[in-house]
Amino acid sequence: MNTPSKPIRLDRYLASVTDYSRSDAKKLIKSGDIAVDGRAVTDPSQLIPATADVTLMGASLRAIGPRYLMLNKPQGYVCAARDRRHSTVLDLMDEDNPERLHVAGRLDIDTTGLVLLTDDGNWSHAITSPQRKCWKTYYVETAEPIAERCIEHFARGVFLKDDKARTLPAELSIIDDCRARLKICEGRYHQVKRMFGAEGNAVTRLHREAIGEISLDSSLAEGEYRALSADEIASVGH
Ligand code: URA
């Protein structure tokens, strides 16, 4: 199993999970009040695993980072830290320091389904970078019957208006006339809608079912979220 995250300097870890600046975190560590997995550590440069149990005068700091969460996103919420007109996915979270979380692969306001949130930038990069080939699986409904030719076109890649390069190869499985499952490994702006648009069709419903090997937990009602398991976190290689 991969480790969930790279080892991190203790002072950097403290600064990322608390409100201490890096220099205050250093002072705190040198004062001897910080323990890692039960042992006092006074060297700010010590590398610790991101999963370590770090305590400040006996109180665990681990609960506030790093976090890996899955949310079942309802329609009507935007995947942004804040928005002047709409509610954001962070409004659905009952978390300390929600502003430290970011979305690993945004969904449009009217798209439902799996959203991953984390404060681990390396981890989310492995999900969003097209080079890392992390497949996102979408359930799609369309206004018109889906033409068989789309399977080949999407596999070859299509030119989307204003984009310089074809989309990367994608896998389309047609379920019936107006329903399909599409797997893509990039996250261009409105990508699925624009791919069907390029074929003269319109997406009427879009729902993300999976990201890599992480599937939306069917026990989560819309708007609910849970922490990822260690295996789910590790399934995203980084
Ligand atoms: N593609 C889209 O068009 N919208 C989404 O929300 C996700 C992928």
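**Entry 1: strand S12 and its partners**

I looked up the bridge partner of glutamate 141 in strand S14 of this predicted model, and found that the partner is arginine 179. The two strands concerned, S12 (residues 136–142) and S14 (residues 179–184), pair in the antiparallel sense over six bridges. I then turned to strand S15 (residues 203–211), with which S12 also pairs in the antiparallel sense, here over seven bridges; within that pairing, tyrosine 138 stands opposite arginine 208. Is S12 largely enclosed, or not? I counted six of its seven residues as buried, so the strand is largely enclosed by the rest of the structure.

**Entry 2: strand S11**

Next I checked S11 (112–118), and noted that seven of its seven residues are buried, which leaves the strand mostly covered. I listed its pairings one by one. Strand S7 (68–73) runs antiparallel to S11 and is joined to it by six bridges, with glycine 113 as the bridge partner of lysine 73. Strand S10 (residues 102–103) pairs with S11 in the antiparallel sense over two bridges, and in this pair histidine 102 stands opposite threonine 118. With S15 the sense is parallel, again over two bridges, and I found threonine 112 opposite histidine 207. S15 therefore came up twice in my notes, as a parallel partner of S11 and as an antiparallel partner of S12.

**Entry 3: helix H5**

Which residues of helix H5 (residues 191–198) are buried? I found Gln191, Val192, Met195 and Phe196. These cover an arc of only 130° around the axis, which puts them on the same side of H5. I kept in mind here that an α-helix has 3.6 residues a turn, so residues three or four places apart point the same way. When I asked what this buried set packs against, I obtained S12, helix H4 (149–156), strand S13 (171–176), S14 and S15. Just after the helix, I noted that glycine 200 takes a positive phi of about 75°.

**Entry 4: the largest nonpolar core**

I then looked up the largest nonpolar core, which has 28 residues, and recorded Phe154, Leu182, Val192 and Phe196 as those with the most contacts inside it. The elements that give two or more residues to this core are S7, S11, S12, H4, S14, H5 and S15. I followed leucine 182 further, leaving aside its neighbours within four places in sequence, and found that its contacts include Lys136, Thr137, Tyr138 and Val140, along with Phe154, Val192, Met195 and Phe196. Ala170, Glu171 and Leu172 are also in contact with leucine 182.

**Entry 5: the cysteines**

How many disulfides does a search of the whole structure find? My search found zero. For cysteine 79 I looked up the closest cysteine sulfur, which is that of cysteine 134 at 15 Å, too far for a bond, given that a disulfide needs the sulfur atoms within 2.5 Å. Cysteine 150 is likewise in no disulfide, the nearest cysteine sulfur being that of cysteine 178, 12 Å away. Are cysteine 79 and cysteine 150 buried or exposed? Cysteine 79 has a relative accessible area of 5% and is buried, and cysteine 150, at 3% relative accessibility, counts as buried too, since the cut-off is under 20% relative accessible area.

Terms used: Residues are numbered from 1 along each chain as its sequence is written. This is a predicted model: local features need pLDDT of at least 70, side-chain atom pairs count only at pLDDT 80 or more; totals for chains, interfaces and linings use all residues. Side-chain values use heavy atoms; hydrogens and water are left out. Buried means under 20% relative accessible area, exposed over 50%, partly exposed in between (1.4 Å probe, protein chains only). Helices (H or I, at least four residues) and strands (E, at least two) are DSSP runs, numbered from the N terminus. Two strands pair if DSSP finds at least two bridges between them. The arc is that of the directions from the helix axis to the C-beta atoms. Contact means heavy atoms within 4.5 Å. A nonpolar core is a set of buried Ala, Val, Leu, Ile, Met, Phe, Trp, Tyr and Cys residues joined through side-chain atoms within 4.5 Å.
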